[in-house]
Amino acid sequence: MRLFTTTAGLRCYLERQRGGKDVGLVPTMGALHAGHLSLIERARRENAIVIVSIFVNPLQFGPTEDFQHYPRPLEEDQQLCEQAGVDAIFAPSAVELYGDHRLTSDTQAELTHIVPSTAMTSVLCGRSRPGHFQGVATVVTKLLNLVQPERAYFGQKDAQQLAIIRRLVADLNFPVTIVACPIVREESGLAYSSRNQYLTPSQKAQAPILWSALQAAQKAFQAGELDAPFGKPFRDRTSLIEVVKSELASVSDIQVEYVELVHPTTLTPLDQVEDSGLLAIAARFGSTRLIDNVLLQHRKPIVAIDGPAGAGKSTVARQVAQTLGLMHLDTGAMYRALTWRVLEAGIDLEDEPAIAELVSQSQINLVTDEASGAIRIWIDGEEVTQVIRSLEVTANVSFIAAVPAVRRELVKQQQRWGCKGGVVAEGRDIGTHVFPDAELKIFLTASVQERARRRQQDLKDQELQSVSLEQLEQDIRLRDVRDSTRALAPLRKAADAIEINTDGLSIAEVTERIVSLYHQQISTSV
Ligand code: AMP
């Protein structure tokens, strides 16, 4: 692992190492804990090169805040990064990043600042920390420009920061994907934070109340959701905030700064949770300020089915969707529709920029046919359910699907469907990348031998030329290696996915198993 303290060293390292490889950036202020490590682990899984920045950014601290005392255990951080397989740490001084001035309020005025959306910085923590998010936005912009990562990782713990950075990246067209990672908690429920070490033993014993209070509101919200047809839905601001406040009142050493309900993307205060809401707290224990939050989702569940080619994902997904009355988000058909659109427009398949232009303007629509339960598909207002099964589309779909711009656009459209929920989707990275918060994740596998047998049967059923089992097995092994190592959307099992080996099981048996897991999962998540 390398350690760089200058932008010159970092730039030179990246120039030499990059060579078309994906770079993941994890920006931190150091004093690393399990929360940071979860971001690093995720970055390690998804990128060839992982850079962790460690920088206690003076611009984001107010004059009365803990900048001087913020912990800076660089050696321990280095060890943790080394163990986590980080490629390089970037730990510059303030002078290195901001030039040769002492950062007084006068000299700060000489710097270029990034001013994020004021609507988003005037709520939650922005009220008591003026200038904080401007400091965050400025340093994150600098880090993104220096590292130019494909992906940058941020914790849901700092939900306001995450929303502001997502907006900044969209507004300023940064070519980076912002990856949000779930909050990691101690066993007590207290969210890991570098500031937890300031707490006295008695404050540390009280601090988990933040999470229990949020959980109480989440439980009431979910129970309200279930009872909605019969009772009053528990979704309004006053009731949710009241539950949190009354729980918080059970400890003595807490000074609550705010309990707020906002929209997680726009941070607009909400009177009611329509699709999703962010319930957030800031409170002090003595002089230590802690924050925590929970996402409240008012959407139907999502089932994500991933697994290697030939494990029966699409047939199973269709059956599961039909049995549960959910929609089969047929991602294969979506790729086919875009392929049809590109072919129909007569675009040269090597002309990726032209393909990118076209697909970013295309709108796909899927509708479940009431009578048959089958999916009908439209693109830009034209029904293409039948034509996307043509030989020409079949021959070109994997080529088009490998174009990064096509994939980016489709993931965006799939996630839009996910906002409403109520879908079963299958693929290679649906549970890890497209719907990481799916209620049920299945990883469908089958032995190479079994998949070869099924493929041989398919060929026979379609009266196509037969291929030997040995040859089919060899093809499948090769495809597995290619699918798991491909740069774009590699095949991975999500940590929380349930694996089902379908060897010796019929489609109906696999469907039944998933449907019963679904009912278990939905009842235990409330
Ligand atoms: P910080 O060092 O506090 O600036 O945090 C660096 C990154 O780690 C930010 O994106 C935080 O949101 C994230 N982070 C901090 N604590 C946690 C946690 N307990 N769980 C998940 N992410 C976290």
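Biologist: Which residues are the closest to the ligand, and how many residues surround the ligand?

Modeller: In this predicted model, the closest residues are His-36, Gly-155, Asp-158, Val-184 and Tyr-192. They belong to a shell in which eight residues are nonpolar, six polar and two charged. The number of residues that surround the ligand is 16.

Biologist: Which helix or strand gives the most to the shell around the ligand?

Modeller: Strand S2 (23-28), helix H2 (34-46) and strand S5 (151-155) each supply at least two residues of this shell. With three residues, the element that gives the most is H2.

Biologist: What percentage of the ligand's exposed area does the protein bury?

Modeller: One oxygen atom of the ligand is 2.9 Å from a polar backbone atom of Met-29, and an oxygen atom of the ligand is 2.9 Å from an N or O atom in the side chain of His-36. In addition, a nitrogen atom of the ligand has a backbone N or O atom of Tyr-192 at 2.9 Å. Taken alone, the ligand exposes 490 Å², and the share of this that the protein buries is 93%.

Biologist: Where around the axis of H13 do its buried residues lie, and how wide is the arc they cover?

Modeller: The buried residues of H13 are Lys-313, Val-316, Ala-317, Val-320, Ala-321 and Leu-324. They lie on the same side of H13, because the arc they cover around the axis is only 130°.

Biologist: How far apart are the end C-alpha atoms of helix H13?

Modeller: Helix H13 has 12 residues, 313-324, and at 1.5 Å a residue it should span 16 Å. The expected span agrees with the distance between its end C-alpha atoms, which is 16 Å.

Conventions:
Residues are numbered from 1 along each chain as its sequence is written. This is a predicted model: local features need pLDDT of at least 70, side-chain atom pairs count only at pLDDT 80 or more; totals for chains, interfaces and linings use all residues. Side-chain values use heavy atoms; hydrogens and water are left out. Helices (H or I, at least four residues) and strands (E, at least two) are DSSP runs, numbered from the N terminus. The expected span of a helix is 1.5 Å times one less than its number of residues. Buried means under 20% relative accessible area, exposed over 50%, partly exposed in between (1.4 Å probe, protein chains only). The arc is that of the directions from the helix axis to the C-beta atoms. A residue is near a molecule or strand if one of its heavy atoms lies within 4 Å of it. A polar contact is a pair of N or O atoms within 3.5 Å; within protein, one must be able to donate a hydrogen and the other to accept it, and residues adjacent in sequence count only if both atoms are side-chain atoms. Accessible areas come from the Shrake-Rupley method with a 1.4 Å probe; for residues, only the protein chains shown count as cover. Ala, Val, Leu, Ile, Met, Phe, Trp, Tyr, Cys and Pro count as nonpolar, Asp, Glu, Lys and Arg as charged, and the others, Gly among them, as polar.
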